[in-house]
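The exercises below are meant for a reader who is meeting this structure for the first time. Please look at the sequence and the model first, and then work through each task before reading its solution.

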Amino acid sequence: MDDALAFSALVLALSGHLVQEIHTSVSQQGFEDLRPAHGFAFARISAGGATTADLAEHLGVTKQAAAQLVEELVRKGYVERHPHPHDARARLLGLTETGWAATCAADQAARAAVAPWREVLGQARFSELVADLTLLAPPGPIRPAW
């Protein structure tokens, strides 16, 4: 396998493993009604300034699918809608206290999930890997600012 295919396969495998580890931990912390897709939505909503259309773009789904997801999260008490200051037709999305608690649970789960990777690589190599991935990550509202 050439390097490009190996890289793709490894990043996808690590990504899938990371998503599953975070989801399992978040569920065990009392958020059993959440799915991995909700976490991707929370990441965009927590960055601020998100409308349903922004969420659709972020998730790569139709506006209708994003609207259904938002409605589900509102109904479950994780997300709330606020008036948009510049567009009377749009609503800004925000996390409720429960939504922020789930986000904090996911953050803790993510730290725990990558702890073994940091151990294997050592702190210096792990930090270099984070810096390299930051260079490769697409620009956008949830890209880390460090």
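**Exercise 1.** Which residues does E72 touch, not counting residues up to four places away in sequence?

*Solution.* Before the first step, it should be said that this is a predicted model, in which local features need pLDDT of at least 70 and side-chain atom pairs count only at pLDDT 80 or more, while totals for chains, interfaces and linings use all residues. Residues are numbered from 1 along each chain as its sequence is written, and side-chain values use heavy atoms, with hydrogens and water left out.

Step one is to place the residue: E72 lies in helix α4, where helices (H or I, at least four residues) and strands (E, at least two) are DSSP runs, numbered from the N terminus. Step two is to search for contacts, a contact being heavy atoms within 4.5 Å; with residues up to four places away in sequence left out, E72 touches R35 and H38. Step three is to ask how covered the residue is: E72 has a relative accessible area of 13% and is therefore buried, given that buried means under 20% relative accessible area, exposed over 50%, and partly exposed in between (1.4 Å probe, protein chains only).

**Exercise 2.** Find the salt bridges in which E72 takes part, and describe their partners.

*Solution.* Side chains of opposite charge can pair when their charged atoms come close. A salt bridge is here a side-chain nitrogen of Lys or Arg within 4 Å of a carboxyl oxygen of Asp or Glu, and the structure holds 4 salt bridges.

First, R35 forms a salt bridge with E72, and their closest N and O atoms are 3.1 Å apart. This pair links distant parts of the chain, since R35 sits in the loop between α1 (3-28) and α2 while E72 belongs to helix α4, 37 residues apart. Because its relative accessible area is 40%, R35 counts as partly exposed.

Second, the side chains of K76 and E72 meet in a salt bridge of 2.9 Å, N to O. K76 has a relative accessibility of 29% and so counts as partly exposed.

Third, for comparison, D87 forms a salt bridge with R89, with the closest N and O atoms 3.6 Å apart. D87 is partly exposed because its relative accessible area is 25%, whereas R89, at 77%, is therefore exposed. Salt bridges that share partners join R35, E72 and K76 into one network.

**Exercise 3.** At what angle do α2 and α4 pack, and which residues make the contact?

*Solution.* Two packed helices are described by the angle between their axes and the distance between the axes. The axes are lines fitted to C-alpha atoms, for helices over the stretch in contact, and angles run from 0 to 180 degrees between N-to-C directions.

The first step gives an angle of about 90 degrees between α2 and helix α4 (residues 63-75), with their axes 11 Å apart. The second step names the arrangement: α2 and α4 are therefore roughly perpendicular to each other, where angles under 35 degrees count as roughly parallel, over 145 as roughly antiparallel, 65 to 115 as roughly perpendicular and the rest as oblique. The third step lists the residues, which are H38, A41 and F42 of α2 together with L69, E72 and L73 of α4.

The last step sorts the residues of this contact into 4 nonpolar, 1 polar and 1 charged. In this sorting, Ala, Val, Leu, Ile, Met, Phe, Trp, Tyr, Cys and Pro count as nonpolar, Asp, Glu, Lys and Arg as charged, and the others, Gly among them, as polar.

**Exercise 4.** Is F40 buried, partly exposed or exposed, and which residues does F40 touch?

*Solution.* Begin with the location, which for F40 is helix α2 (residues 36-46). With a relative accessible area of 42%, F40 is therefore partly exposed. Leaving out residues up to four places away in sequence, F40 touches V19, H58 and L59. Finally, F40 and L55 are 15 residues apart in sequence, and their C-alpha atoms are 9.3 Å apart in space.

**Exercise 5.** How many helices and strands does the protein have?

*Solution.* Counting gives 6 helices and 2 strands, and reading along the sequence gives the pattern α-α-α-α-β-β-α-α. As a further step, of the 146 residues of the protein, 24% count as buried.
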